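Here is a short briefing to read with the model open beside you. Take the topics in any order you like.

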Amino acid sequence: MATDFKSIPIIDVSPLLARCDDPKMAEDPGVSEVVRQLDQACKEAGFFYVKGHGIPDSLIKEVKKVSHSFFQLPHEEKVKIKMTAATGFRGYQRIGENITKGVPDMHEAIDCYREVKEGMYGELGKTMQGCNQWPSNPPNFKELMEEYISLCKDLSRKILRGVALALGGSPDEFEGERAGDAFWVMRIIGYPGVPTTNGPDPRNDIGCGAHTDYGLLTLVNQDDDITALQVRNLSGEWISAPPIPGTFVCNIGDMLKIYSNGLYDSTLHRVTNNSPRYRVCVAYFYETNFETAVEPLEICIQRTAGAKKFERAVYGEHLVSKVLTNFD
């Protein structure tokens, strides 16, 4: 459960990554220290920064640069990849089209999901069937994003091996039937700056309303010069997560909360861009397998007095319900 944290910890995950696929990784002192820090961060805040993650800084910056370039295009160019139900809810959303708790968000975005082929997940997967819609301009957009997604997927898997150890399980808890064939979501998001006029701003200034993420782990790549992400602590205070160059902001989602039987919480967060400058954020969401029935891990039930606090939730059902209520 989240505490009254006042800041978000920074964790150097390089010792974990170096030994991540070693069968004896849990015995390594460097890995043990990372696991201890992950456990503390997940218990106290549900959020943490990671450095030493191995994804090239040049790629992280280029991903944001091409995202800025796309959002600067004329509206008629952007809507060439407009999101609809027919595209499996992939593609471009205009400002105000994304809804959080009934309120339009002040952002535009490209929504991407793991490709779902016809019949891949039976009836459950029909809503999400489709391929990602990538813009033709900037010309390197698709290739760059696909490389980035591949690296984010690998990094997420490795961090979750550390989280599995932190929960008292084996490093493989989130492999196999749970997340060995992980679904993923990515949102490339643009937040307009605040108008510089002196008059009242008639718009809703919340870039993205307070919410929790619904998967396992999120990696947030945000512009280096604008603080907009806020995380709510136990007292209800909104704590800023300022950008730290070379890091990702990570947070845990609803599915990991269930697996942990509430030892870890998925923390409410929101985005408010009070800067006059346009802000880009690329959020990668690492999920369970699409058809996985998520329920508390036995080791976590034992650590919480033997009481199972959550009913099972099928990830794909959870995602589809979120998608259908989040699209206007």
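What follows covers a sheet, two pockets and some aromatic pairs.

This is a predicted model. Four strands form an open sheet in the order β8-β13-β10-β11, with antiparallel pairing. The largest pocket has a volume of about 680 Å³, and the count of aromatic pairs comes to 12.

**The four-stranded sheet**

- In the order β8-β13-β10-β11, the edges are taken by β8 and β11, each of which pairs on one side only. From one strand to the next, the twist averages 25 degrees.
- Starting at the β8 edge, 2 bridges join β8 to β13, and the two strands run antiparallel. Here H211 has H269 in β13 as its bridge partner.
- Strand β13 (residues 269–271) is also joined to strand β10 (residues 229–232), by 3 bridges and again in the antiparallel sense. In this pairing V231 stands opposite H269, the residue that is also the bridge partner of H211.
- On to the β11 edge: strand β11 (residues 238–240) pairs with β10 over 3 bridges, antiparallel once more. R232 stands opposite W238 in β11.
- The hairpin of β10 and β11 has 5 residues between the strands, and G236 takes a positive phi near 90 degrees there.

**The largest pocket**

- With its volume of about 680 Å³, the largest pocket is lined by 35 residues. Those nearest its centre are N98, R187, H211, Y214 and N326.
- Several elements give two or more residues to this lining, among them β4 (99–100), β6 (108–113), β7 (184–191) and β9 (217–222). Two sheet strands, β8 (208–211) and β13, also belong to that list, as do β14 (279–286) and α9 (315–325).
- By class, the lining of the largest pocket divides into 18 nonpolar, 11 polar and 6 charged residues.
- H211 links this topic to the sheet: H211 lies among the residues nearest the pocket centre and has H269 as its bridge partner.

**The second largest pocket**

- About 150 Å³ of space lies in the second largest pocket. Its lining is made by 11 residues, with A2, R232, N233, D265 and L268 nearest the centre.
- The lining of the second largest pocket has 4 nonpolar, 4 polar and 3 charged residues.
- R232 is worth finding on screen, as one of the residues nearest the centre of this pocket and the one opposite W238 in β11.

**Aromatic pairs**

- Among the 12 aromatic pairs is that of F71 and Y278, whose ring centres are 6.0 Å apart. Their planes lie at 40 degrees, so the pair counts as tilted.
- Because F71 lies in helix α3 (residues 57–71) and Y278 in the loop between β13 and β14, the pair ties together parts that are 207 residues apart in sequence.
- F71 is buried, with a relative accessible area of 5%, whereas Y278 is partly exposed at 25%.
- For F290 and Y315, the ring centres are 6.2 Å apart and the planes stand at 85 degrees, so this pair is edge-to-face. F290 is in the loop between β14 and β15 (293–294) and Y315 is in helix α9, so the pair ties together parts that are 25 residues apart in sequence. Both F290 and Y315 are buried.
- Finally, F71 and Y278 belong to one aromatic cluster together with F70, Y92, W134 and F141.

Methods
Residues are numbered from 1 along each chain as its sequence is written. This is a predicted model: local features need pLDDT of at least 70, side-chain atom pairs count only at pLDDT 80 or more; totals for chains, interfaces and linings use all residues. Side-chain values use heavy atoms; hydrogens and water are left out. Two strands pair if DSSP finds at least two bridges between them. On a 1 Å grid over the protein atoms alone, a cavity is a set of points where a 1.4 Å probe fits but cannot get out, and a pocket is an open set with protein on both sides within 12 Å along at least five of seven lines; lining residues have an atom within 4 Å of a point. Grid points are joined across faces, edges and corners, and a volume is the space filled by probe spheres set on the points. Ala, Val, Leu, Ile, Met, Phe, Trp, Tyr, Cys and Pro count as nonpolar, Asp, Glu, Lys and Arg as charged, and the others, Gly among them, as polar. Rings of Phe, Tyr and Trp (its six-membered ring) pair if their centres lie within 6.5 Å; planes under 30 degrees apart count as stacked, over 60 as edge-to-face and the rest as tilted. Buried means under 20% relative accessible area, exposed over 50%, partly exposed in between (1.4 Å probe, protein chains only). Axes are lines fitted to C-alpha atoms, for helices over the stretch in contact, and angles run from 0 to 180 degrees between N-to-C directions.
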